[in-house]
Amino acid sequence: MNDGVKLAQEASSQDPAIGLRAVRALRHLTDRLEALQVGNARGLGWSWQEIAAVLGVSRQAVHKKHARGRLLGKGK
Amino acid sequence: MTMFERFQRDARQTVVRAQEEARRLGHDRIDTVHLLIALAGQGDGAGAQALREHGLEAEALRERVRLMPGLGAGPLDGDALASIGIDLDEVRRAVEANFGSGALDQGRAKHRPFGAQAKKALELSLREAIALKHRHIGGGHVLLGLLRASGSDNAALRVLTDAGVDPAELRATATRLIRSDAA
């Protein structure tokens with residue numbers, strides 16, 4: 001049994017320090033997974049609208065978050 | 001001529017490797033610290049040599065930078081996730097099975113954008129070369145640009161002073177090495 005599982009069993013669920021840290025970690029994991037999945041969908045030819053529909057957000061939101069050009073040393 | 005066309009090989013490689021450093025550390029943009037680590041690991045050129053003379057090497061700098069706040073969310077918090085029943089190792093295994101090694105921790109996007117301070121430092125490296133009347137920008141000029149960029153937002157300067165290096169002395173060393181290279 002690793003330390004994390006022990007932590008889960010011993011942790012007081014009402015301790016905000018642990019609970020909030022878990023929320024932050026989960027949000028961070030969600031961001032990483034979202035980036036991976038959006039990239040994968042785009043690579044498979046999905047439109048921003050199709051991606052947004054499954055994510056349950058607006059096309060503008062997903063475009064703004066994921067569509068920035070990232071050329072080395074060029075552009076903004 | 002765009003700025004990058006003036007870059008000599010060592011400076012060009014440093015810029016490319018700075019991006020790899022940012023990616024390795026899980027940071028979301030290239031900052032002055034990544035340029036500094038990349039310079040330290042460059043091997044050849046006045047910039048790398050100046051850092052060596054002041055006892056700075058890439059792995060030690062990387063350790064200092066690894067958990068610096070403000071450079072991106074950093075590593076995933078496995079303990080915190082476990083506290084709500086998520087086994088990060090399992091998630092990572094599943095993601096890597098589909099998207100390849102490192103996909104969860106480093107992301108698939110190869111490119112990270114340059115942060116404002118890193119851009120500023122590179123622009124200043126051009127000014128440093130011009131001030132020394134050099135037509136091309138080498139690793140030494142990149143180091144001078146890093147040292148010139150304003151202190152309050154320049155994480156590389158913080159890392160250097162934390163490591164006990166006097167920026168003015170480092171500047172003097174870099175200038176001397178650049179001049180002897182150009183002679």
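# A tour of chains A and B

Begin by selecting chain B of this predicted model, whose secondary structure comes to 11 helices and zero strands. Followed from the N terminus, the elements of chain B are an unbroken run of α, written α-α-α-α-α-α-α-α-α-α-α. If you colour chain B by accessibility, buried residues should account for 48% of its 183 residues. Should you display contacts within chain B between residues at least 6 apart in sequence, 66% of them join residues at least 24 apart.

Next, select chain A, which has four helices and zero strands, its elements running α-α-α-α from the N terminus on. Of the 76 residues in chain A, 18% count as buried.

Return now to chain B and go to B:M3, in the segment that comes before α1 (9–24). Which residues does B:M3 touch, once those up to four places away in sequence are set aside? They are B:L122, B:E123, B:L126 and B:I137. Adding B:S125 to the selection lets you check a separation across the sequence, for the C-alpha atoms of B:M3 and B:S125 are 9.6 Å apart although their positions lie 122 residues apart along the chain.

From here, select helix α8 (residues 116–131) together with helix α9 (residues 139–148), both of chain B, and look along the place where their axes come within 7 Å and cross at roughly 120°. Angles of 65 to 115 degrees count as roughly perpendicular and those over 145 as roughly antiparallel, and α8(B) and α9(B) are therefore oblique to each other. The crossing of α8(B) past α9(B) is right-handed. To see the contact itself, show the side chains of B:A121, B:L122, B:L124, B:S125, B:E128 and B:A129 on α8(B), and on α9(B) those of B:H141, B:V142, B:L144, B:G145, B:L146 and B:R148. Sorted by class, this contact of α8(B) with α9(B) has seven nonpolar, three polar and two charged residues.

For the last stop, centre the view on B:Q42, in the loop of chain B that lies between α2 (32–40) and α3 (46–53). Is B:Q42 buried or exposed? Its relative accessibility is 9%, and because buried means under 20%, B:Q42 counts as buried. Beyond its neighbours within four places in sequence, B:Q42 is in contact with B:D10, B:Q13, B:T14, B:R17 and B:A48. Among these, B:R17 deserves a distance label, since a polar contact of 2.6 Å joins its side chain to that of B:Q42.

Technical notes
Residues numbered from 1 in each chain as written. Chains lettered and ligands numbered in written order. Predicted model: local features only at pLDDT ≥ 70, side-chain atom pairs only at ≥ 80, totals over all residues. Heavy atoms only, no water. Helix = DSSP H or I, 4+ residues; strand = E, 2+ residues; numbered from the N terminus. Buried < 20%, exposed > 50% of the residue type's maximum accessible area, 1.4 Å probe, protein only. Polar contact = N/O pair within 3.5 Å; in protein donor to acceptor, adjacent residues only side chain to side chain. Contact = heavy atoms within 4.5 Å. Axes fitted to C-alpha atoms, helices over the stretch in contact; angles between N-to-C directions. Parallel < 35°, antiparallel > 145°, perpendicular 65-115°, else oblique. Left-handed = near helix turned anticlockwise from the far one by under 90°. Nonpolar A, V, L, I, M, F, W, Y, C, P; charged D, E, K, R; others polar.
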